[in-house]
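Grab your favourite viewer and work through a few exercises on strands, helices and a ligand site. Try each task yourself before reading its solution.

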Amino acid sequence: MKKEFRDLLKSKGRSELPAVLLAAAECAPLAKTGGLADVVGTLPKSLQALGFDARVIIPYHRCIKNKYADRVEHLFYFYVQLGWRREYAGIEKLELDGVTIYLVDNEHYFGDRIYWGGEGEIEQYAFFSRAVMDALPNLDFAPEVIHCNDWHTAMLPMLGKTQYPGCMQERLKYILTIHNIAFQGKLSYAFAKDLLGIEDKYLTDDYMALGGCANFMKGGCVFADRINTVSPSYAREIMTDYYGEGLESILKTRADDVSGIINGIDKDFFNPRKDPRIPAHYDRGHRKGKAACKAALQEQMGLHVDPEVPIFAMVTRMTEQKGFDLVACVLDDLMGREEMQFMLLGSGEERFENFMRAAEYRYKGRVCSYIGYNENLANLIYAGSDFYLMPSRFEPCGLSQMIAMRYGTVPIVRETGGLRDTVMPFNRYTGEGTGFCFANYDAWEMRDAMRAALSCYKNKEVMDSLIQNDMKADFGFEHSAEEYARLYLCTF
Ligand code: ADP
């Protein structure tokens, strides 16, 4: 064990690291829709390397059952009382890469999509929350810290501290990580009472009410022992009106308990030296393979194969969060003036998908898109592009910019949240920095940052030092895990 942790434990009168249970809706590689799954999948492994017993509990989604059913061990089952509903809850156990994952089985709630949307999704995760709380005393593992993630599991602290008097659930420490504050789990008071038996006194602004609704995330912010989010900048931002989505007041009240820990990436999975998903391999010193990846990408996506023309790329959910409206605003201007190619992999709002289809038609061989989800193509894009564009309106952490840098693809980002914390503006005179940044959510500022990137691209030496800086940056998860370890120990 690290000396720092031993000393911290000693100062708390403890000798052992606390056991940690991460509760979440998704966990890579079992079930993934976004960055949350990557964190929940990677953090326990890195915590184990630090000496923690860290395990995970997630729903036994259909997609997991389809793939892993023969490796899962049934532990026990019970019935969950969810208002008038009496629902089966099976607790299954799966060992994956040395990490124990508990799976909550219920064919009705988890037999279809990971997220149902709307009121159904509230019921799905109210069930999951109650099942986790009721299962805790019977697991073959006694956690002392419950690490909750986003609104889907944000109710665990409140349930533990208000509905299990004298029980082990009441004595646990709860940490809430906010991965995206825009999603909060809002429901009517009546539904909150019905599903989880919430007492009237808690359906007030002092507790889990916000704007006339019950709010799972607010319940978590009030009752969790510590609140953290996925970058220091986002931790500061969510305490402001602009980013707080209504939760800024409670977060400001609890400012001493709010912190930010930047996520890391799986350096083994995202590794240009040995990534099996790309046609040629390379590293910082020998980048010939990157040129081969670029040619393969251009060919596969129907772009003119030309090593000299820079490719700007995005791999993204096409929502307002990710700044696609800025791209839509200036793409014609850029394509009209500059020699460049633009490529997008993603799906989301129809208006943005249609914009891309039309742009592809207007600029055949220079613009292309793949509307959908494709992890192999994503890695080829990270490897084969020159610039990676991420003009987010808000970005709690963002993993894509870190992945891009690992593959020597230079990020162009808006200075917000985790983008501000991971991409340092490039200074061509000192040679310091890792990307191009712009401050305001403004299409023309973004265009200027892209043009600054284009001007660097013309100078091979400058471009080379920039790529070197990117590939040198270390975004491994070990750093995040150490910060989480400190956070866990601080709660005692
Ligand atoms: P968020 O979690 O907000 O969507 P992040 O940048 O934190 O954004 O993480 C997104 C992850 O999902 C990255 O690993 C990215 O490569 C991947 N991803 C996003 N869209 C797609 C897609 N259409 N196909 C393949 N991978 C995708």
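The exercises below concern a predicted model, and each comes with a worked solution.

**Exercise 1. Trace the nine-stranded sheet**

Task: Find the order of the strands in the open sheet of nine, and say which strands are at its edges.

Solution:
- Start by walking across the sheet, which gives the order β3-β4-β5-β2-β1-β6-β7-β11-β12.
- Next, look at the strand directions: the pairing is mixed.
- Now check the two ends. β3 (73-82) and β12 (258-260) are the edge strands, as each pairs on one side only.
- Finally, follow the twist, which averages 25° from one strand to the next.

**Exercise 2. Follow the register from β6 to β12**

Task: Step from β6 to β7, then on to β11 and β12, giving the sense of each pairing and the number of bridges.

Solution:
- Begin with β6 (residues 145-149) and β7 (residues 173-178), a parallel pair with five bridges. Here N149 has T177 of β7 as its bridge partner.
- Move on to β7 and β11, which run parallel and are joined by four bridges. L176 faces I227 of β11 across this pairing.
- End with β11 and β12, again in the parallel sense, over three bridges. I227 is the residue to watch, for it also stands opposite V258 in β12.
- As a reminder, strands of a sheet pair through backbone hydrogen bonds, in either a parallel or an antiparallel way.

**Exercise 3. Place two helices on the sheet**

Task: Which strands do α5 and α21 contact, and at what angles do these helices run?

Solution:
- Take α5 (residues 118-135) to begin with. This helix packs on the sheet and touches β2 (54-59), β3, β4 (85-96), β5 (99-105) and β7. The direction of α5 makes about 115° with that of β3.
- Then turn to α21 (residues 477-490), which lies across β1 (20-23), β6, β7, β11 (226-229) and β12. Against β11, helix α21 runs at about 165°.

**Exercise 4. Examine the three-stranded sheet**

Task: Why does one side of β8 and of β9 lack a neighbour in the sheet?

Solution:
- Write down the order of this open sheet, β8-β10-β9, with its antiparallel pairing.
- β8 (186-187) and β9 (209-210) are at the edges with a single partner strand each, so one side of each has no neighbour in the sheet.
- For the register, note that β8 and β10 (residues 213-215) are antiparallel over two bridges, with K186 opposite N215 of β10.

**Exercise 5. Describe the ligand site**

Task: What surrounds the ligand, and which polar contacts does the ligand make?

Solution:
- List the shell: 20 residues surround the ligand, the closest being G35, R317, K322, G372 and Y382.
- Sort the shell by class, which yields eight nonpolar, eight polar and four charged residues.
- Look for polar atom pairs. R317 places a polar side-chain atom 2.8 Å from a ligand oxygen atom. G372 has a backbone N or O atom 2.8 Å from a ligand nitrogen atom. In S400, a side-chain N or O atom is 3.0 Å from an oxygen atom of the ligand.
- Work out the cover: the ligand alone exposes 560 Å², and the protein buries 90% of that.
- Map the shell onto elements. Those giving two or more residues are β13 (311-318), β14 (341-348), α16 (375-384) and α17 (400-406).

**Exercise 6. Inspect two backbone details**

Task: Where do P29 and D97 lie, and what is special in the backbone there?

Solution:
- P29 is in the loop between β1 and α2 (35-49). The peptide bond joining A28 and P29 is cis, with omega about 5°.
- D97 is in the loop between β4 and β5. Phi of D97 is near 50°, a positive value in a residue other than glycine.

Methods
Residues numbered from 1 in each chain as written. Predicted model: local features only at pLDDT ≥ 70, side-chain atom pairs only at ≥ 80, totals over all residues. Heavy atoms only, no water. Pairing = 2+ DSSP bridges. Axes fitted to C-alpha atoms, helices over the stretch in contact; angles between N-to-C directions. Contact = heavy atoms within 4.5 Å. Near = heavy atom within 4 Å. Polar contact = N/O pair within 3.5 Å; in protein donor to acceptor, adjacent residues only side chain to side chain. Areas by Shrake-Rupley, 256 points an atom, 1.4 Å probe, with all protein chains shown as cover. Nonpolar A, V, L, I, M, F, W, Y, C, P; charged D, E, K, R; others polar.
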